[in-house]
Amino acid sequence: MSGQARTPLGRDFWWVFAASTCLTLVNGAAAALLARYAIHELGATAGTVGLLVGSSSVVAIVLRPVLGGLADRYGLRRVSVLGGVSMAFGLIILMLAASVAAGTAGRLVSGLSSAAANTALMAWVIGLVPTEQRGRALGIFGVSIWLGLAAGPQIGQSLVSLGGYSALWIGCGVLGMASAACAMRAGAPRIEVKPESPPRHPLHLLKLVARPGAASLIAWSGEGLVVTFLVIHLEGRGLAPSGLTGAVSVFTVFAISVIAGRLALAGMVDRVGAARTAAAALFTLGIGLATLAVASSFAVAALGGVLLGLGFAPLFPALALLATERLNPDERGSGIGVFSSFMDAGMAAGSILGGVLVAAIGSGATFGVIAAAQLVALVLVLGGGSHPRLSPRSRSRAGLETTIASTAAAETPPS
């Protein structure tokens, strides 16, 4: 079976999709309830809650390239399975914790395990399908992340209502193990290492990923700003904080727009090329942020949420392809780790630097500044060097790889 050509988005892809969904369900549930757990169960203060919740994200910015390198060296399946299992152990530590320090240790173990598994799973998707199908595959794979983040808080709250926080962490641990089980069922891509393409120095790897990475930092700073300040901003503009037409509902509009956009625009990257798609997405993202900056009614804010969602929908697969198109097959994990670190840094910048700007110039002006910054990201994307105007199909005809050949015997699909 492992020697046969794989059908794009076949059985192996959907097992990887399921593994990612399980992980993001855990992330969604934990993100929504972790601060409350730290305050009520561990006696955390406002300052120590930030340490506990944000510790894994800050460390992941530095360690994602290392985690990706482990996937390149030891195999995508091994790292994905180990990530799911060790995430469950981290959640057990969190459940048994009696102090903020112990809770932070559990958060670090579970958060870094999730980062390792997610990095390996993204590289897995890129390796499973031919070059001309990767934009579509990454777009649909991204739906797993949004499904998990959308449903995770509801699942987490239901578990707490049924059995307290112990039920939450046990349930999340089961999902971590389920992710590992799904990864065991998927066949990892086989990678042929060519003698003329030896592994490159980490700084050269950073150089290859720098332009799309910097563009993603700017783009995801917009998401960090939205996640942290949108409700406060819209309340200040006159919207109700809750209710069907309240500020919180704009998040629902945003999430639905991303999922719908991912499904509707899944083939856009493969048809028109990654650079052009990323440029159009960044322009749309900027218009969405500018609309939110001036919104004073739910209708206008919802329009901004739709534009924001349609901008982000094709942006992730487009930038991910730009970041990986010049990498050797056996260094994709490392490259994706570097690329993901830029995204993590963007989220942090949107929250932290966004807060500084909001305090200095107000929320509306801050949204306007981040909207204008998307033009810088657009220039970075269009100024990239690696065949920016060729579609993946054209690059395939030009001689770039179209298939993935074989890793190690240990990565053979299970029978």
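The protein chain has 13 helices and zero strands, where helices (H or I, at least four residues) and strands (E, at least two) are DSSP runs numbered from the N terminus. Along the sequence the pattern accordingly reads α-α-α-α-α-α-α-α-α-α-α-α-α. The model is predicted: local features need pLDDT of at least 70, side-chain atom pairs count only at pLDDT 80 or more, and totals for chains, interfaces and linings use all residues. Residues are numbered from 1 along each chain as its sequence is written, and side-chain values use heavy atoms, with hydrogens and water left out.

Of the 415 residues in the protein chain, 52% are buried; buried means under 20% relative accessible area, exposed over 50%, and partly exposed in between, with a 1.4 Å probe and protein chains only. The protein chain exposes about 16,800 Å², of which carbon and sulfur atoms supply 69%. These accessible areas come from the Shrake-Rupley method with a 1.4 Å probe, and for residues only the protein chains shown count as cover. Contacts, defined by heavy atoms within 4.5 Å, often link distant parts of the sequence: among those between residues at least 6 apart, 85% join residues at least 24 apart.

The interior can be introduced through its nonpolar core. Such a core is a set of buried Ala, Val, Leu, Ile, Met, Phe, Trp, Tyr and Cys residues joined through side-chain atoms within 4.5 Å. The largest one has 114 residues, and Trp169, Leu315 and Leu319 touch the most other members. Leaving out residues up to four places away in sequence, tryptophan 169 touches Ala30, Leu34, Tyr37, Leu91, Leu94 and Met95.

Helix α1 covers residues 11-42 and includes phenylalanine 13. Phenylalanine 13 counts as buried because its relative accessibility is 2%. Apart from residues up to four places away in sequence, phenylalanine 13 touches Val125, Leu128, Ala137, Ile140 and Phe141. Phenylalanine 13 also illustrates an approach between distant positions: alanine 186 is 173 residues away in sequence, yet the two lie 7.3 Å apart in space, C-alpha to C-alpha.

Next to phenylalanine 13 in the numbering is a charged pair. A search of the whole structure finds one salt bridge, that is, a side-chain nitrogen of Lys or Arg within 4 Å of a carboxyl oxygen of Asp or Glu. Arginine 11 and aspartate 12 form a salt bridge in which the closest N and O atoms are 3.2 Å apart. The partners differ in their cover: arginine 11 is classed as partly exposed because its relative accessibility is 37%, whereas aspartate 12 is buried, with a relative accessible area of 7%.

Helix α4 comprises residues 100-128. Its end C-alpha atoms are 41 Å apart, in agreement with the 42 Å that its 29 residues should span at 1.5 Å a residue; the expected span is 1.5 Å times one less than the number of residues. The helix is mostly covered, as 24 of the 29 residues of α4 are buried.

Three residues show the setting of α4 in detail. Serine 114 is found in this helix and is buried, at 4% relative accessibility. Neighbours within four places in sequence aside, serine 114 is in contact with Leu23, Asn27 and Met87. Tryptophan 124, also in α4, counts as buried because its relative accessibility is 0%. The C-alpha atom of tryptophan 124 is separated by 9.5 Å from that of serine 80, 44 residues apart along the chain. Glycine 127 lies in α4 as well and is buried at 5% relative accessibility. Between the C-alpha atoms of glycine 127 and proline 329 the separation is 7.7 Å, although 202 residues part them along the chain.

Helix α7 spans residues 247-264. With 18 residues, α7 reaches 26 Å from its first C-alpha to its last, close to the 26 Å expected at 1.5 Å a residue. Its buried residues include Val250, Phe254, Ser257, Val258 and Arg262. Serine 257 is buried because its relative accessible area is 9%. A polar atom of the side chain of serine 257 lies 2.7 Å from the backbone oxygen of valine 253. Beyond residues up to four places away in sequence, serine 257 touches Gly305, Val306, Gly309 and Leu310.

Methods
A polar contact is a pair of N or O atoms within 3.5 Å; within protein, one must be able to donate a hydrogen and the other to accept it, and residues adjacent in sequence count only if both atoms are side-chain atoms.
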